[in-house]
Amino acid sequence: MRPFDSGHEDLIHDVAYDFYGRYVATCSSDQHIKVFKLDKETTKWELSDSWKAHNSSIVSVDWASPEYGRIIASASYDKTVTIWEENPEQEENSGRRWNKLCTLNDSTGSLYSVKFAPSHLGLRLACVGNDGILRMYDALEPSDLRSWTLTTEIKCLAIPPENNLQSDFCLSWCPSRFSTEKIAVSALEQAYIYQRGSDNKLHVAAKLLGHKGLVRSMSWAPSIGRWYQLIATGCKDGKVRIYKVTEKLSDAQSSSSSDDLQNDEDERAGESQPTLEVELLSEHDDHKSEVWSVSWNLTGTILSSAGEDGKVRLWKSTYSNEFKCMSVINAKQ
């Protein structure tokens, strides 16, 4: 691990790599977004551009899939999500290389998380914040990225938290293109999986139980070579939790006769939705302090967690399907 000076003047809230891992975006309470590029020869991160993006602390950034261009979304305590697009014709470090495409201001509370959907779902993003509402936006015309439509609003909390109380919200999309659209959302100490039903609406499909504090981070693992899904969470109670999510056909679906299936195949092809079974595979308190971030690698085989102890821990499953800490990285210098 080799640190580098980001140049931010305040706390860094989020870091996001682009699809190829060659660029990284950071956001901070100094209201700036910075984009760094990896120098292949020196393997050092060099500043590509920096600009003031919001009027309050920026707490979340994310890159869109490269098939839609070089696009970043940012979410801030100023209650807005902003979409940015790179203009390669502008000089680096000019402050003008990233152009504002659109500002989404439907939220009535500070925003905590913004994430683009997997590319197979189209150019879509979700955000969640202190008003307790999950919102999704679609760029219905990919050729016009200045126009985004609010397509979904879901109330995750019956009563939003008071502004003077500590709170946290986060979300993570299911990356599998072979599964029904799903998204995991946490609101304070509660965590849910929403699944799109035959009515084209999102419904609560399962809950992730066991949290005894604010859920600080969620990460849905890529399911390469697995018939089940994995979700990891990091919690204020000091524990890293890993959940196994299995899709099951309902009794009515599994007991249907072959004749019925053949006769009604077209009619019911898009109607039957699998139910989800969630199992807590393991929980670990190795950090002995608040866990702030969890993230899977590209193959969904290694989980990294970062805690208030200043250490990054790497977790890997054994042959008996038990997750063990395989490495500890001390981030303090």
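In the predicted model, Val-291 touches Arg-216, Gly-234, Cys-235, Gly-238, Lys-239, Val-240, Ser-305, Ala-306 and Gly-307, when residues up to four places away in sequence are not counted. Val-291 belongs to strand E21, which covers residues 291-296, and its relative accessible area of 0% places it among the buried residues, because buried means under 20%. One of the contacts of Val-291, that with Arg-216, joins residues that are 75 positions apart in sequence, while their C-alpha atoms are 7.0 Å apart in space.

Gln-195 is a further buried strand residue, with a relative accessibility of 7%; it is found in strand E15, residues 190-196. Once neighbours within four places in sequence are left aside, the contacts of Gln-195 include Thr-180, Glu-181 and Lys-182, and also Lys-201, Leu-202, His-203 and Ala-205, together with Gln-273, Pro-274 and Leu-276. The loop that leads from strand E14 (182-187) to E15 holds Leu-188, a residue that has a positive phi of about 60° although it is not a glycine. Leu-188 is buried, its relative accessible area being 16%.

A positive phi in a residue other than glycine is also found at Lys-79, where the angle is near 80°. Lys-79 lies in a loop as well, between strand E6 (71-76) and strand E7 (81-86), but with 38% relative accessibility this residue counts as partly exposed.

Two strand residues, Glu-279 and Leu-47, were examined with regard to accessibility and contacts. Glu-279 is placed in strand E20, residues 275-284, and counts as partly exposed at 43% relative accessibility. Apart from residues up to four places away in sequence, Glu-279 touches Ile-242, Tyr-243 and Lys-244; the C-alpha atoms of Glu-279 and Lys-212, by comparison, are 17 Å apart for a sequence separation of 67 residues. Leu-47 is found in strand E4, residues 45-52, and is likewise partly exposed, with a relative accessibility of 32%. Its contacts, with neighbours within four places in sequence left aside, are Lys-34, Val-35, Phe-36 and Asn-93. Between Leu-47 and Ala-25, which are 22 residues apart in sequence, the C-alpha to C-alpha distance is 9.9 Å.

Pro-160 lies outside these strands, in the loop between strand E12 (149-155) and strand E13 (169-173). At 37% relative accessibility Pro-160 counts as partly exposed, and it touches Asn-130 and Asp-131 when residues up to four places away in sequence are not counted. The C-alpha atoms of Pro-160 and Arg-241 are 25 Å apart in space, with the two positions 81 residues apart in sequence terms.

At the level of the whole protein chain, the secondary structure comes to 3 helices and 24 strands. The radius of gyration is 21 Å, which agrees with the value near 20 Å that a compact globule of 333 residues would have. Taken along the principal axes, the box filled by the C-alpha atoms is roughly 65 × 45 × 45 Å. Of the 333 residues, 47% count as buried, and the accessible surface comes to about 17,000 Å², of which 46% belongs to carbon and sulfur atoms. Among contacts between residues at least 6 apart in sequence, 48% join residues at least 24 apart. The chain carries 37 positive and 48 negative charges, and the mean positions of these two sets are 6 Å apart.

With regard to the confidence of the prediction, the mean pLDDT of the protein chain is 90, and 92% of its residues reach 70 or more. Over residues 252-271, however, the pLDDT is below 50, and this stretch has 8 contacts in the model beyond near neighbours in sequence. Where pLDDT is low, the predicted coordinates should not be read in detail.

Conventions:
Residues numbered from 1 in each chain as written. Predicted model: local features only at pLDDT ≥ 70, side-chain atom pairs only at ≥ 80, totals over all residues. Heavy atoms only, no water. Helix = DSSP H or I, 4+ residues; strand = E, 2+ residues; numbered from the N terminus. Rg over C-alpha atoms; globule rule 2.2 N^0.38 Å. Buried < 20%, exposed > 50% of the residue type's maximum accessible area, 1.4 Å probe, protein only. Contact = heavy atoms within 4.5 Å. Areas by Shrake-Rupley, 256 points an atom, 1.4 Å probe, with all protein chains shown as cover. Lys, Arg positive; Asp, Glu negative; His and termini not counted. Charge placed at Lys NZ, Arg CZ, Asp CG, Glu CD. pLDDT = per-residue confidence, 0-100.
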